[in-house]
Amino acid sequence: SDSVDNGLALCSLHHKAFDRGAVALTDDYRLLVSAELSGVNIAPFITNFAGREVRKPTSSSWHARSEYLRWHREEVFRTPAREPSA
């Protein structure tokens, strides 16, 4: 839906990756990175952050709702996820 609780502030690179299912977020705002993601020019800017916590908005009223994050993981994200970076 077009509501604040279904939005994320992302740069253009990560926005495209999110829309294409290359990345997703867990309910506790950890970055999932698809094992299918490849490309020497782009992948390092994403794969190095697998498993890391993403900074949440300062106001909890702006957090993405867990049902929207879950829908994205189930319907858009290209599983399986990579193992978290060390």
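Start the tour at Asp 27: at 41% relative accessibility, this residue counts as partly exposed. Keep in mind that the model is predicted.

**Stop 1: Asp 27 and its partner**

With Asp 27 selected, add Arg 73. Their side chains meet in a salt bridge, 3.2 Å from N to O. Where do the two residues lie? Arg 73 belongs to helix α3, while Asp 27 sits in the loop between β1 and β2, so the pair ties together parts that are 46 residues apart in sequence. To see the helix as a whole, select 66-75.

**Stop 2: Tyr 29**

Stay in the loop between β1 (23-25) and β2 (31-33) and select Tyr 29. Which sign does its phi have? Tyr 29 is not a glycine, yet its phi is positive, about 65 degrees. Most residues other than glycine have a negative phi. Is Tyr 29 buried or exposed? Its relative accessible area is 4%, and the cut-off for buried is under 20%, so Tyr 29 is buried. Asp 27, in the loop between β1 and β2, is partly exposed.

**Stop 3: Arg 65 and two acids**

Now select Asp 5, Arg 65 and Glu 67 together. These residues are linked in a network of salt bridges. Take the contacts one by one.

Begin with Arg 65 and Asp 5. The closest N and O atoms of this salt bridge are 3.3 Å apart. Arg 65 lies in the loop between α2 (44-47) and α3, and Asp 5 in the segment before α1 (12-19), so this pair ties together parts that are 60 residues apart in sequence.

Then turn to Arg 65 and Glu 67. Here the closest N and O atoms of the salt bridge are 2.2 Å apart.

Next, colour the network by accessibility. Asp 5 is buried, with a relative accessible area of 18%. Arg 65 is partly exposed at 36% relative accessibility. Glu 67 is partly exposed too, with a relative accessible area of 30%.

How many salt bridges does the model hold? The count comes to 5. Among them are Arg 73 with Asp 27, Arg 65 with Asp 5 and Arg 65 with Glu 67. Side chains of opposite charge can pair when their charged atoms come close.

**Stop 4: Thr 79 and Pro 80**

Move on to the segment after α3 (66-75) and select Pro 80. Add Thr 79 and check the peptide bond between them. Is that bond cis or trans? The bond joining Thr 79 and Pro 80 is cis, with an omega of about 5 degrees. Most peptide bonds are trans.

Note on methods. Residues are numbered from 1 along each chain as its sequence is written. This is a predicted model: local features need pLDDT of at least 70, side-chain atom pairs count only at pLDDT 80 or more; totals for chains, interfaces and linings use all residues. Side-chain values use heavy atoms; hydrogens and water are left out. Helices (H or I, at least four residues) and strands (E, at least two) are DSSP runs, numbered from the N terminus. Buried means under 20% relative accessible area, exposed over 50%, partly exposed in between (1.4 Å probe, protein chains only). A salt bridge is a side-chain nitrogen of Lys or Arg within 4 Å of a carboxyl oxygen of Asp or Glu.
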